[in-house]
Each structure stands twice: as structure tokens, then as C-alpha cells.
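Let's take a walk through this one together, starting in a strand and working outwards. Have the viewer open and rotate as you read.

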Amino acid sequence: MPSPSAIRRAANALTSLPRHFVLSEQVRHALSTNQPLVALESTIITHGLPASVNLRVAQRCESVIEAAGATPATIALLDGRVHVGLEARQLERLASTAEHKGERAVKTARRDLAGVLASKGIGGTTVSATAHLASMAGIEFFATGGIGGVHRGAERTFDISSDLTTLSTTPINLFCSGCKSILSLPLTLEYLETQNVPVYSFSSPRGEFPAFYTAKSGLYVSPVPGGAAEGAAQLIWNAKRVLREKAGALFAVPIPEEYEEEGKRLQEHVERAVRESVEQGVHQRGKEVTPWLLKRVGELSEGRSLESNEALVVNNSEVAARTAVEYWKLRG
Ligand code: PSU
Ligand code: MN
């Protein structure tokens, strides 16, 4: 039985939400009975992955979270409403926008939320938007593939993802495979340090920061104690309960080992895609930059980047759910 204060906390989180929020049955039940939840973003569905795989990947992420004992909450905007947890039909509708035939979705970062709500469009929420909305709903765990970051050449383009500033002000624990080397990994880590966002790595024992398709970047962050969910849960407990920290945390999960060889080859395609983006001036096109690079790496690798992407995001979802379950044990 959850304690009375835990039930009150959950009920408050529910009742203080604006009426524009629609919670799925499953999410409502998990929040009101104080069960662990894991949020999932939707830009990866609308703009990050092609229509051939996006629905399957989204469904697999939800399934592994459930299998690990937590409740998945995929977040998106539909028809002027914020959806926290999607019904099967809604997930299919969102995924179908990547076909570029019928309905279109807007890549929705946190600053775009009010506009997309007002236009009653379909919004695929980025890490920044998803973290903000999940946190409003009282969800503290969030899984995705890669976080946005500081782009290479940012000293000229100023292109720094709002994912980073959002993490510094939003109490959410993000599980991802670091970020793609379409970005500058050293600058991204520096920026997170300035913003007081701790970065942990499940890569044991040294805490190497993964570079998305490969577990190796040559950069080191704080290792998760024991390299396991129990250790991560303890870190979150310390930050939230001992230190009353309001910033989020980044938990980097390396891609499963069997994809490492392919990862080395994919890195070459990443380098070429970045070069092309500069040659073609795409690197100055704001929110289009990241989706363009993701698509180009997919083309150059003839789809092999997608298999790696799928494997890592599913794995990250599972690790996030296992950590959420461990954290709930500590909460009692
Ligand atoms: N990196 C990926 N896949 C993605 C994204 C980033 O490997 O799908 C998406 C995420 O939704 C992330 C967003 O929050 O791109 C960042 O976009 P920008 O760089 O424009 O801030
Ligand atoms: Mn940007």
C-alpha cells in the first residue's frame, strides 16, 4: 500500500494539471497509485526515424518499460491538447506523419509548445519539451536515444540545443546514449557542467561517455556506482532527497556491445554528413539541422544506422525503467 502522503503527492500532481492535459488510462492509474513511470519523447517518432521503423521502435520502447515494471508515458501534442501517454491509435497517427503524405507534425521544442497548442496541430516533442511536460505531470524518469547538444562550430552559429538549458531547470532524469558526434561532445559536456547538470555513465568502471552509435568517445564522466540501476537510483536519491536538487541529471547508457563494430563504420558517415551540411549551408538552418543530419546518416549508411538507433533506444528505455523501479524501492 502506498503511504497517505505518497497518495496525496500523486493526486496533487494530477489535479494541478491544466485541463489541456490528457492522461492515458494507464498513466492516470500509475500516477494515482504512485507507481514508477518513464516518459518517452515523440520527435524521435515524427522527425528522428523514418516511417519504416518509427512505430515499431516506439512500441518496443513502451513494451520494455512495461516488462521492467514501470508505466510508459509517450508525450505528444494532438489537436490542441497535451497527451501524456498515448493510446495505440494516437501513436499510429503520430508515426504516420513521417510518411509525409497526410498530416504533418511540427518538431516542437519547449519554446514552440504554446504555438503548436494554439494552432491545434500535431507536435512531436523534443527532449526539452518532453522534459518540461513530463515534469509538470510529476514524472521524473525519461528515456530517449540521444540528447541535443552544442553543435560543432557553435562559436559561429550559436547552435546550442535548448535540451541542455531545460535539463538544468527541470528535475528529470534523462537516460540516453550520450549524443551523436554530429555535435561537439566536449563542448556539450562543458556546457552541462556550467549548467549544473550531472552527467553519469553506465559504462563501468571508468565512466566513458558514449557517442551514440559507439560506446567510446575518449571522454570521461562520473561512473554510475556498480554500473547498475541500483547505483543510479542511489545517485538520484542523493540529489533529490539529500540535496533538494532542482536540476535534472543525464544518465548515459552505452549501445549494446554487439553494435560496436558497426558503430565505428557509422562514425565515418556522421563525419561526411556534417561536412555536407556545412558545404550546403544546412548547418545554419536552425531546427532543421538535427533532422537533416539524422536523415543523411540514414541514407549514407543505407539504413544500417537505424538498426543501431533502435537497439540503443530500446535498451535505454529498459535501463530507465529498471532504475525507476529501484528508486521506488528506496522511496519505500
Ligand atoms: N538526436 C538524435 N535523435 C533525435 C534527436 C536528437 O540522435 O531524434 C531529436 C531529439 O528530440 C532532441 C532534438 O531533443 O532532436 C534536438 O533538436 P535540436 O538539436 O534542434 O535542439
Ligand atoms: Mn539547434
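Start with a single pairing: Leu40 has Thr74 as its bridge partner in strand S3. Keep in mind that you're looking at a predicted model. Leu40 belongs to strand S2, residues 37-40, and S2 runs parallel to S3 (residues 71-78), with 4 bridges joining the two. S2 also pairs with strand S7 (residues 141-143), again in the parallel sense, over 2 bridges. There, Ala39 stands opposite Phe142.

Which way do the residues of S2 point? Leu37 and Ala39 go one way, Val38 and Leu40 go the other, and all of them are buried. That fits the textbook picture: side chains in a regular strand alternate between the two faces of the sheet.

Now zoom out. The protein has 14 helices and 11 strands. Its C-alpha trace spans about 60 × 50 × 35 Å along the principal axes. For 332 residues, a compact globule would have a radius of gyration near 20 Å, and the protein comes in at 19 Å, so the two agree. Of those 332 residues, 49% count as buried. Take the contacts between residues at least 6 apart in sequence, and 73% of them join residues at least 24 apart.

Next stop, ligand 1. Which residues come nearest to the ligand? There are 16 residues around ligand 1, and the nearest are Gly48, Val127, Gly146, Gly148 and Ser161. Sorted by class, this shell holds 3 nonpolar, 9 polar and 4 charged residues. Three helices each supply at least two residues of the shell: H3 (43-48), H9 (162-169) and H13 (289-300). H3 gives the most, with 3 residues.

Over in helix H10 (residues 185-194) you'll find Leu187. Is Leu187 buried or exposed? Neither, quite: Leu187 has 17 C-beta neighbours inside 10 Å, so it counts as partly exposed; being buried would take 20 or more. Leaving out residues up to four places away in sequence, Leu187 touches Val150 and Ala154. The C-alpha atoms of Leu187 and Arg152 are separated by 8.3 Å, although these two residues are 35 apart along the chain.

Finally, a few backbone oddities that are worth clicking on. Most residues other than glycine have a negative phi, and most peptide bonds are trans. Where does this model depart from that habit? Ser204 and Pro205 are joined by a cis peptide bond, with omega about 0°. Pro205 sits in the loop between strand S9 (199-201) and strand S10 (222-223).

Phe158 isn't a glycine, yet its phi is positive, near 65°. You'll find Phe158 in the loop between helix H8 (154-157) and H9, and H9 is one of the helices that supply residues to the ligand shell. Phe158 is exposed, because just 10 other C-beta atoms lie within 10 Å.

Glu302 is a further non-glycine residue with a positive phi, of about 50°. Its place is the loop between H13 and helix H14 (304-331), and H13, too, contributes to the shell around ligand 1. With 9 C-beta neighbours inside 10 Å, Glu302 counts as exposed.

Notes:
Residues are numbered from 1 along each chain as its sequence is written. Chains are lettered from A and ligands numbered from 1 in the order in which they are written. This is a predicted model: local features need pLDDT of at least 70, side-chain atom pairs count only at pLDDT 80 or more; totals for chains, interfaces and linings use all residues. A residue is near a molecule or strand if its C-beta atom, placed from the backbone, lies within 6 Å of it. Ala, Val, Leu, Ile, Met, Phe, Trp, Tyr, Cys and Pro count as nonpolar, Asp, Glu, Lys and Arg as charged, and the others, Gly among them, as polar. The radius of gyration is taken over C-alpha atoms; the globule rule is 2.2 Å times the number of residues to the power 0.38. A residue is buried if 20 or more other C-beta atoms lie within 10 Å of its own, exposed if 12 or fewer, and partly exposed in between; C-beta atoms are placed from the backbone. Two residues are in contact if their C-beta atoms, placed from the backbone, lie within 7 Å. Two strands pair if DSSP finds at least two bridges between them.
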